Amino acid sequence: MILYYITDSRQLGSHELLLEKIAEAAAAGVDYIQLRERDLPTRQLEMLSAEAVAAVRRSGSQTKLLINSRVDVALAVGADGVHLRSNDMAASEARAIWAESSGRTDCVIGVSCHSLHDVLSAEGHGADFVVFGPVFGKLGSTEPPLGLAALTQVVNRGNPPDPKVEAGQSLRMPVIALGGVTLASAADCARVGAAGVAAIRMFQERKISEIVGRLK
């Protein structure tokens, strides 16, 4: 199961605590961390991003750090890639900018999606994975949850995988479930075929090593 931690320093109270949580997440084996500090001015975001990259690298883990929306900042600080909103530039455009600026095409690109159309578009533009939601709703939000039925639909989109592919594998781009995911509902997401789960509170409000252990 892919584990995807989305940051929110406002919930934690400071950037210092956020950096501690990022280091903890990387050491615990979270697969991806999305630095989602959308309200920061560019210079502050760049400084925080650089510190976050350093914290992940010091852990010695395989955790990938993605910067929310800002390809320029991700390139400047040596992050592993970017996470794009559904109304940002296309994944193909972000990858082209990355390649032109760095001479490399190994960036990781995730995309937020809220419908089957979004998922198919992201897949068509070469995203590495999508984060789909809100599946179960979000605390304090009036946005209605999409539900497990919608998650099942996007997971099973298109034609079935090639019969030569080994059982348990898929040729489809991974879909990660987001929105009100808990330890209990993560099992439901996996049951319908989600490749993993993404969350803010589930990771920030508890000891991450325990959460990762139970989810893995």
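In the predicted model, Phe132 has Ala177 of strand 7 as its bridge partner. This pair belongs to the junction between strand 6 (residues 129-132) and strand 7 (residues 175-178), which run parallel and are joined by three bridges. Ala177 is in turn the bridge partner of Val197 in strand 8, and strands 7 and 8 likewise pair in the parallel sense, over three bridges. The connection between these two strands passes through helix 8 (residues 183-191), and strand 7, helix 8 and strand 8 together make a right-handed β-α-β unit.

These pairings form part of a closed arrangement. Eight strands close into a barrel in the order 1-2-3-4-5-6-7-8, with parallel pairing. From one strand to the next, the twist averages 25°. Strand 1 (residues 2-6) pairs with strand 8 (residues 196-199) in the parallel sense, and four bridges are found between them. Within this pairing, Tyr4 stands opposite Ala198 of strand 8.

Phe132 also takes part in the nonpolar packing. The largest nonpolar core comprises 61 residues, of which Tyr5, Ile22, Val111, Phe132, Leu151, Phe203 and Leu215 touch the most other members. Helix 3 (residues 42-59) gives the most to this core, contributing six residues. A second core, separate from the largest one, consists of 10 residues, among them Ile6, Tyr32, Phe129 and Ile200. In soluble globular proteins, nonpolar side chains tend to be buried together.

The surroundings of Phe132 were examined with its neighbours within four places in sequence left aside. Its contacts then include Cys113, His114, Ser115 and Val119. Leu146, Ala150, Leu151 and Val154 are also in contact with Phe132. The remaining contacts of Phe132 are Val175, Ile176, Ala177 and Leu178, residues that fall within the span of strand 7 (residues 175-178). Ala177 is thus both a contact of Phe132 and its bridge partner. Leu151, another contact of Phe132, is likewise listed among the residues of the largest core that touch the most other members.

Charged side chains were considered next. The structure holds 13 salt bridges. One of them joins the side chains of Lys21 and Glu24, at 3.4 Å from N to O. Both residues lie in helix 2 (residues 15-28), three residues apart, or about one turn of the helix. Lys21 is buried, with a relative accessible area of 11%, whereas Glu24 is partly exposed, at 27%.

In a further salt bridge, the side chains of Arg85 and Asp88 meet at 3.0 Å, N to O. Arg85 counts as partly exposed, with 37% relative accessibility, and Asp88 is also classed as partly exposed, at 21%.

Helix 8, the helical element of the β-α-β unit described above, contains a salt bridge of its own between the side chains of Asp188 and Arg191 (3.6 Å, N to O). Because Asp188 and Arg191 are three residues apart in helix 8, about one helical turn separates them. Asp188 is partly exposed, having a relative accessible area of 28%, while Arg191 is exposed, with a value of 58%. Apart from these pairs, Asp8, Arg10 and Asp39 are linked in a network of salt bridges.

Conventions:
Residues are numbered from 1 along each chain as its sequence is written. This is a predicted model: local features need pLDDT of at least 70, side-chain atom pairs count only at pLDDT 80 or more; totals for chains, interfaces and linings use all residues. Side-chain values use heavy atoms; hydrogens and water are left out. A nonpolar core is a set of buried Ala, Val, Leu, Ile, Met, Phe, Trp, Tyr and Cys residues joined through side-chain atoms within 4.5 Å. Buried means under 20% relative accessible area, exposed over 50%, partly exposed in between (1.4 Å probe, protein chains only). Contact means heavy atoms within 4.5 Å. Two strands pair if DSSP finds at least two bridges between them. Axes are lines fitted to C-alpha atoms, for helices over the stretch in contact, and angles run from 0 to 180 degrees between N-to-C directions. A crossover is right-handed if, with the strands pointing away from the viewer, the path from the first strand over the helix to the second runs clockwise. A salt bridge is a side-chain nitrogen of Lys or Arg within 4 Å of a carboxyl oxygen of Asp or Glu.
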